[in-house]
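Biologist: Please take a close look at one helix in this model. I would like to know how it is built and what it packs against.

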Amino acid sequence: MDMDLQKFYRSLRLKLHFADTDHATPPNLQATAPIGITAASLGLRDKSTYQPPKGSHPLETFIQFVDKSFQKLRNDTDRGRIHYPSNLSVTERQALTSLKQEKDIIIKPADKGGAIVVMDKTLYKNEVYRQLSDTTTYKKLSYNPTQTIQDVIRTTLDGFQTRGILDCKTRAFLTKKHPITPVIYILPKIHKCLHNPPGRPIVASTDSILAPISIYLEKILTPLIRNTTSFLLDTGAFLETVKNISPVPPDAYLVSFDVKDLYTSIPHTNGIQSVRWLLTTNHMNPRSF
C-alpha cells in the first residue's frame with residue numbers, strides 16, 4: 001500500500017511539474033532524416049525515475065491529507081476498530097482457501113473464451129515437456145546465451161551509432177542492462193479438448209534481452225501492416241469484411257483454415273525478407289534498416 005501511495009503522489013507531482021510543457025508531435029515515420037527512426041519519434045523512452053520537487057502548492061496539502069487519512073485507516077484496522085464485510089460466502093471462502101493450498105493443480109486462463117481452467121499439474125507439465133521435446137522447433141542449450149546475445153546487440157548498435165543510423169538515446173533504449181531470462185508457459189486449449197487440452201505456448205519476455213528491440217520494431221511495423229490488403233484486426237473486422245461481400249459469386253466458396261504453430265513455423269530468413277519488403281514498399285528510409 002505504501003509503495004502504491006508513493007507512486008500515486010509522484011504521478012500527481014509529475015503532472016503538476018510538467019503541466020505547462022509543450023508536447024511535440026512525433027514526426028512521420030517516413031521522414032528521410034539523416035538519422036534512422038529514433039526512439040523519441042516513436043514515443044519510446046526508458047522508464048524515468050525522476051522525482052519532481054515538492055513545493056507549497058495546494059497539491060502538497062492534498063497529499064498530506066490523503067497520507068494522514070490512510071494512516072488513520074490502517075491504524076483503526078490494525079486495532080480492530082473497522083471490520084470489512086466479506087463479499088464471499090463461507091463456502092466460497094473455504095473453496096478459495098482450499099484452492100490456494102492445493103499443490104497438485106495449475107490455474108490458468110483458457111486460450112480462448114475467457115474461462116479459468118483448473119488443470120492437473122502433471123498433465124500441464126507433460127504438455128509443456130511434449131512441446132519442448134520437438135527438436136525441429138526447440139533446441140536444448142548447455143549454457144545461458146544471454147551474455148552472448150547482449151554482446152552481439154552491443155556491437156551491432158555501436159556500429160549503427162558510428163554510421164549515424166542511431167542516435168545515443170535510441171541506442172540506450174535498445175540496450176537492456178539487466179535482462180531477465182524468459183519463461184515459457186501454456187494456455188490450455190479447452191475448445192479442442194476438455195480432459196487433456198493441448199496448450200498454446202507463451203514465452204513471457206518482458207524485460208528480456210530482446211524486449212526493447214521487439215518494442216521498437218512493433219512500433220515501426222504495426223502502422224505499416226495495417227495498410228496491407230490481407231490485414232484483419234480481429235473477428236469483428238472479419239465479419240464486417242464478409243458482410244460487404246455481397247452478393248457472393250455462385251461459383252465461390254467461403255472456407256477457413258488454421259495454421260498449426262504459426263509463429264514457430266516462420267523461417268527466420270523468410271520473415272526478415274518479408275519485413276524488408278514491407279519497409280521498402282512503404283518508402284522507408286533505407287538507412288533505417
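Modeller: Here is a walk along helix H4, followed by a stop at a neighbouring topic, the loop between S1 and S2. Keep in mind that this is a predicted model. H4 covers residues 121-132, which is 12 residues. From first C-alpha to last, H4 reaches 17 Å. That is close to the 16 Å expected at 1.5 Å a residue.

Begin at the start of H4. There, Asp120 places a side-chain oxygen within 2.9 Å of the backbone nitrogen of Thr122.

Now look for the buried positions. In H4 they are Tyr124, Glu127, Val128 and Gln131. Viewed down the helix axis, these buried residues fall within an arc of 100°, so they line one face of H4. What does that face meet? The buried residues of H4 pack against four strands: S1 (105-109), S2 (116-120), S3 (183-188) and S4 (199-204).

Two of those strands, S1 and S2, have a loop between them, and Asp111 is found in that loop. Asp111 counts as buried because its relative accessibility is 16%, under the 20% cut-off. Its side chain makes a polar contact with the side chain of Arg200, at 2.6 Å. Asp111 also touches Leu187, Pro188, Lys189 and His191, leaving aside residues up to four places away in sequence.

To retrace the route: H4 turns one face of buried residues to strands S1, S2, S3 and S4, and the loop between S1 and S2 holds Asp111, with its polar contact to Arg200.

Notes
Residues numbered from 1 in each chain as written. Predicted model: local features only at pLDDT ≥ 70, side-chain atom pairs only at ≥ 80, totals over all residues. Heavy atoms only, no water. Helix = DSSP H or I, 4+ residues; strand = E, 2+ residues; numbered from the N terminus. Expected span 1.5 Å × (residues − 1). Buried < 20%, exposed > 50% of the residue type's maximum accessible area, 1.4 Å probe, protein only. Arc of directions from axis to C-beta. Contact = heavy atoms within 4.5 Å. Polar contact = N/O pair within 3.5 Å; in protein donor to acceptor, adjacent residues only side chain to side chain.
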